[in-house]
Amino acid sequence: MTSRFQWLYQTLAVLAAVFICLTLLVELAIIIGRFADFQIDGGDAYAGYFMAAGSFLALAATLRQGDHIRVTLILQRLTGKARVWVEIFCLLVATLLTAYFTWYSGKLVYGSYIYHDISQNTDATPLWIPQLSMVIGLFGLFVAFAEELVYVVRTRRLAREDSDEMARTE
C-alpha cells in the first residue's frame, strides 16, 4: 500500500530519533556530571520529556511499518470477507480511540498553556511544551489509522497482505 502521508510518517520518525538521541545525551551528561562533581538542574526531567517525545512521535511510523504489537490470534484464523470485516472493525475502533486521545491530549496541552502549568522539578518548564509532542505523535497515529481504514474499506484488501505481496514480487 502506497501512502500519501509517507512524508509525515518519516518526518515524525526522524524527530523521534532525534529525541531518543537527546535522551541519551542528557543521561550521559548527568552521569559525567556526577563524576565531575557538577549537577544539571532538571536533567532527569528533560530526559523524561525527550523519552516521551521520542515514544509518541514514533507511533505513526511504527504502525505503517507493521512494527506495532498486534494480537492476531483471532484474525489469523479468519479468511475472506470475515477477515476483512474484522480488520475494518478493529481499524475503526483504533481510529476513533486515537481521535479521542488526540482531542483530549490537545485539551490538556491547551489547559497547561492557559493556566501556565509548570514542571514541579527544578527546571520549571512550562508543561505545554513537552506535552505538545504527545499531541503531534497521537495526531500522526490517527492519520495512519485513518489512512489504513480508508484503504481497507475501499479495496476490501488488508494493507499488510498487499505490502507483503509487493515485497515478495520485488
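# Helices and loops of a predicted model

Visitor: Which residue follows α1, and what is the sign of its phi?
Guide: In this predicted model, helix α1 runs over residues 6–36. The residue that comes after α1 has a positive phi, near 65°, and that residue is D37.

Visitor: How far apart are the end C-alpha atoms of α1?
Guide: Helix α1 has 31 residues, and at 1.5 Å a residue these should span 45 Å. The distance between its end C-alpha atoms in the model agrees with that expectation, being 44 Å.

Visitor: Which helices are included in what covers the buried residues of α1?
Guide: The buried residues of α1 are L8, Y9, L12, A16, T23, V26, I30 and G33. An α-helix has 3.6 residues a turn, so residues three or four places apart point the same way. What covers the buried residues of α1 includes α2 (43–57), α3 (59–64) and α5 (128–155).

Visitor: Which residues does the UniProt annotation "transmembrane region" cover?
Guide: The annotation comes from an unreviewed entry, and the model can be set beside it for some of the spans. Residues 45–63 are 95% helix and 0% strand, with end C-alpha atoms 28 Å apart, while residues 132–153 are 100% helix and 0% strand, with end C-alpha atoms 31 Å apart. According to the record, the annotation covers residues 12–33, 45–63, 84–103 and 132–153.

Visitor: Which helix gives the most to the largest nonpolar core?
Guide: The largest nonpolar core has 19 residues, of which Y9, F145 and V152 touch the most other members. Helices α1, α2, α3, α4 (80–114) and α5 each supply at least two residues of this core. The helix that gives the most, with six residues, is α5.

Visitor: Which residues does F145 touch, leaving out those up to four places away in sequence?
Guide: F145 is one of the core residues that touch the most other members. Once residues up to four places away in sequence are left out, the contacts of F145 are L63, L91, A94, T95 and T98.

Visitor: How do the axes of α2 and α5 run, roughly parallel or roughly antiparallel?
Guide: Two packed helices are described by the angle between their axes and the distance between the axes. The axes of α2 and α5 come within 8 Å and cross at roughly 10°. Because angles under 35 degrees count as roughly parallel, α2 and α5 are roughly parallel.

Visitor: How far apart in space are S133 and F56, C-alpha to C-alpha?
Guide: Where α2 meets α5, Y49, A53, F56 and L57 in α2 face P130, S133, M134, I136, G137 and L138 in α5. S133 is buried, with a relative accessible area of 10%, and S133 touches A53, F56 and L57 when residues up to four places away in sequence are not counted. S133 and F56 are 77 residues apart in sequence, yet their C-alpha separation is 6.8 Å.

Visitor: Which helix do the buried residues of α4 pack against?
Guide: Helix α4 has 35 residues and reaches 51 Å from its first C-alpha to its last, close to the 51 Å expected at 1.5 Å a residue. Its buried residues include V84, E87, I88, L91, A94, T95 and T98. The buried residues of α4 pack against α5.

Visitor: Is H116, in the loop between α4 and α5, buried or exposed?
Guide: H116 follows α4 and has a positive phi of about 55° although it is not a glycine. Exposed means over 50% relative accessible area, and H116, at 64% relative accessibility, therefore counts as exposed.

Visitor: Is T125, in the loop between α4 and α5, buried or exposed?
Guide: Apart from its neighbours within four places in sequence, T125 is in contact with Y46, Y49, D117, I118, S119 and P130. Its relative accessibility is 7%, and the cut-off for a buried residue is under 20%, so T125 counts as buried.

Visitor: What is the relative accessibility of R156, and how does R156 count?
Guide: R156 lies in the loop between α5 and α6 (159–169), and its phi is near 55°, a positive value in a residue other than glycine. R157 lies in the loop between α5 and α6 and is partly exposed, with a relative accessible area of 38%. For R156 the value is 41%, and R156 counts as partly exposed.

How values were computed
Residues numbered from 1 in each chain as written. Predicted model: local features only at pLDDT ≥ 70, side-chain atom pairs only at ≥ 80, totals over all residues. Heavy atoms only, no water. Helix = DSSP H or I, 4+ residues; strand = E, 2+ residues; numbered from the N terminus. Expected span 1.5 Å × (residues − 1). Buried < 20%, exposed > 50% of the residue type's maximum accessible area, 1.4 Å probe, protein only. Contact = heavy atoms within 4.5 Å. UniProt positions renumbered as here; feature names shortened; annotations may be inferred. Core = buried A, V, L, I, M, F, W, Y, C linked by side-chain atoms within 4.5 Å. Axes fitted to C-alpha atoms, helices over the stretch in contact; angles between N-to-C directions. Parallel < 35°, antiparallel > 145°, perpendicular 65-115°, else oblique.
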